[in-house]
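This report describes how protein and DNA meet in one model. The sequence and structure are shown below.

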Protein chains: 4
Amino acid sequence: MFELDIRSRKPIYEQLMDNIKELIVTGILKPDEKLPSVRTLSQELTVNPNTIQKAYRELEREGYLYSASRKGYFVAPVDQVEQKDKLKELKETLQALLKEAIYFGLTKETLEEWFDEIKEGGETDDSRQRSNEDV
Amino acid sequence: MFELDIRSRKPIYEQLMDNIKELIVTGILKPDEKLPSVRTLSQELTVNPNTIQKAYRELEREGYLYSASRKGYFVAPVDQVEQKDKLKELKETLQALLKEAIYFGLTKETLEEWFDEIKEGGETDDSRQRSNEDV
Amino acid sequence: MFELDIRSRKPIYEQLMDNIKELIVTGILKPDEKLPSVRTLSQELTVNPNTIQKAYRELEREGYLYSASRKGYFVAPVDQVEQKDKLKELKETLQALLKEAIYFGLTKETLEEWFDEIKEGGETDDSRQRSNEDV
Amino acid sequence: MFELDIRSRKPIYEQLMDNIKELIVTGILKPDEKLPSVRTLSQELTVNPNTIQKAYRELEREGYLYSASRKGYFVAPVDQVEQKDKLKELKETLQALLKEAIYFGLTKETLEEWFDEIKEGGETDDSRQRSNEDV
DNA sequence: GTGGTCTAGACCACG
DNA sequence: GTGGTCTAGACCACG
């Protein structure tokens with residue numbers, strides 16, 4: 001489920017964040033769904049609890065998770081206002097990357113294909129087991 | 001010309017890289033054009049020479065620049081093979097980002113608009129077109 | 001009546017305390033008025049009885065409530081001595097907060113407005129005046 | 001300079017934050033002034049570096065400090081927009097506290113006196129080291 | 001059982 | 001020299 005590369009230059013807590021974001025963004029983790037407890041995940045991944053906690057907290061700060069008192073961490077539902085803010089945030093990053101990709105030959109057609117690939121991957125997934133899906 | 005934010009969490013050498021990539025990618029820096037020497041740029045930006053050096057080296061490693069022994073660093077022209085490799089590299093990053101953006105409400109239409117914005121912004125410079133047109 | 005936010009970082013028993021203080025302080029709960037029993041409130045709010053108990057005990061300790069052995073918890077009338085003590089306690093906290101607010105641009109005029117807003121909001125309730133007028 | 005009470009229920013990192021806020025808010029620490037390094041302060045206060053770091057980072061998140069690459073932490077100057085936001089944030093807390101204080105007999109006159117004390121304390125206090133300025 | 005705080009201390013990246 | 005990451009592990013508060 002989680003892909004962590006200890007050798008990577010990217011800190012483990014950031015890799016964890018990316019992994020969890022992916023699960024949320026593809027709908028595998030649903031709004032208000034509970035995440036594994038800090039301790040549990042720590043044992044499963046053999047990563048220090050503090051590192052898990054750091055990832056969870058940062059995701060809370062970014063609006064992906066919320067923590068309910070001492071009950072644990074949960075996937076945050078996104079309302080429209082937050083959506084717009086988040087999208088504006090992402091625009092800049094995305095545009096910088098698009099500029100690069102265009103320089104290296106990305107065409108509008110290819111971009112549209114990529115977009116469709118993602119849409120199809122997520123949209124039609126109703127198996128929820130998600131082992132047989134084409135994300 | 002260069003936007004460096006010393007308060008940013010992003011390391012200065014990475015900010016430098018981003019700035020130079022931007023200049024290359026938008027065609028302001030042309031293929032085979034010489035970049036300012038490490039010393040010069042170091043003084044202009046009041047940045048440690050080691051930091052400039054690191055940015056140049058890293059850009060060379062990524063294929064944006066080439067260095068001619070003692071003569072300095074130059075913008076690398078991109079051939080078709082390199083282009084495709086680079087694009088494939090970027091695809092993964094871009095798709096992850098697109099997934100997020102779609103989750104936060106990005107539509108195909110908006111994405112196309114963003115694409116066009118960039119294309120129009122760069123289109124007027126035709127020296128840059130050379131390397132892109134033969135794709 | 002009670003605003004509890006399970007997602008808040010503030011413990012539920014503290015949120016409960018704040019809510020009850022607010023009701024007392026605005027005169028909605030009158031001196032010697034009985035509070036709902038721990039059990040009742042626990043069911044109404046679907047909150048653990050221990051949590052209600054803790055809030056009530058803490059409010060008793062702070063002088064807002066008194067408990068009559070097995071009969072339950074009641075709003076404590078405040079006599080002049082207690083009032084002065086309480087006010088002295090609050091002074092320190094208030095001054096720290098005022099310092100901050102002044103740093104961020106709070107003027108005397110704005111502060112007076114805020115004071116008046118509260119006074120007007122509460123003034124209409126005259127049962128509450130009793131305990132305040134003899135100051 | 002710093003008052004830390006290990007026995008207090010308030011976490012050390014929060015006590016640290018309060019102390020530093022106080023120094024900033026009273027003008028003892030000036031905008032862009034450097035704070036002691038994490039390590040230095042850690043040794044001076046015999047508090048774990050992680051705890052210092054936590055306080056610094058939280059103060060950064062709240063807009064009191066900024067961190068410059070690897071140069072250390074500095075007092076953040078506040079612009080007008082941030083000021084207004086911060087003041088709005090504080091309003092709610094202050095009003096809740098004012099309500100309580102009014103309940104316990106705080107009069108407008110007393111409140112104004114407290115306001116003036118703070119203003120004067122900052123304004124005319126030239127006995128300090130930092131001394132001859134009028135914050 | 002859950003997250004939160006804190007310590008002691010190692011190692012790394014940046015400049 | 002500076003902050004950032006990470007571990008191993010203790011103890012606490014809340015519910």
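A residue is near a molecule or strand if one of its heavy atoms lies within 4 Å of it. This is a predicted model, in which local features need pLDDT of at least 70 and side-chain atom pairs count only at pLDDT 80 or more, whereas totals for chains, interfaces and linings use all residues. Residues are numbered from 1 along each chain as its sequence is written, chains are lettered from A and ligands numbered from 1 in the order in which they are written, and side-chain values use heavy atoms, with hydrogens and water left out.

## Surroundings of DNA strand E

DNA strand E has 27 residues around it, and those that come nearest are B:K54, D:I12, D:N48, D:T51 and D:K54. Sugar or phosphate accounts for 69% of the strand E atoms within 4 Å of the protein, and bases for the rest.

Phosphate oxygens of strand E lie 2.7 Å from a side-chain N or O atom of C:R9, 3.0 Å from a polar side-chain atom of A:R57 and 3.1 Å from one of A:Y73.

## Surroundings of DNA strand F

DNA strand F is surrounded by 25 residues, the closest being A:I12, A:N48, A:T51, A:K54 and C:K54. Of its atoms within 4 Å of the protein, 68% belong to sugar or phosphate and the rest to bases.

A polar side-chain atom of C:K54 is 2.5 Å from a phosphate oxygen of strand F. In chain D, a side-chain N or O atom of D:R39 lies 2.9 Å from a base nitrogen of this strand, while one of D:R70 lies 3.4 Å from a sugar or linking oxygen.

Definitions and conventions: Polar contact = N/O pair within 3.5 Å; in protein donor to acceptor, adjacent residues only side chain to side chain.
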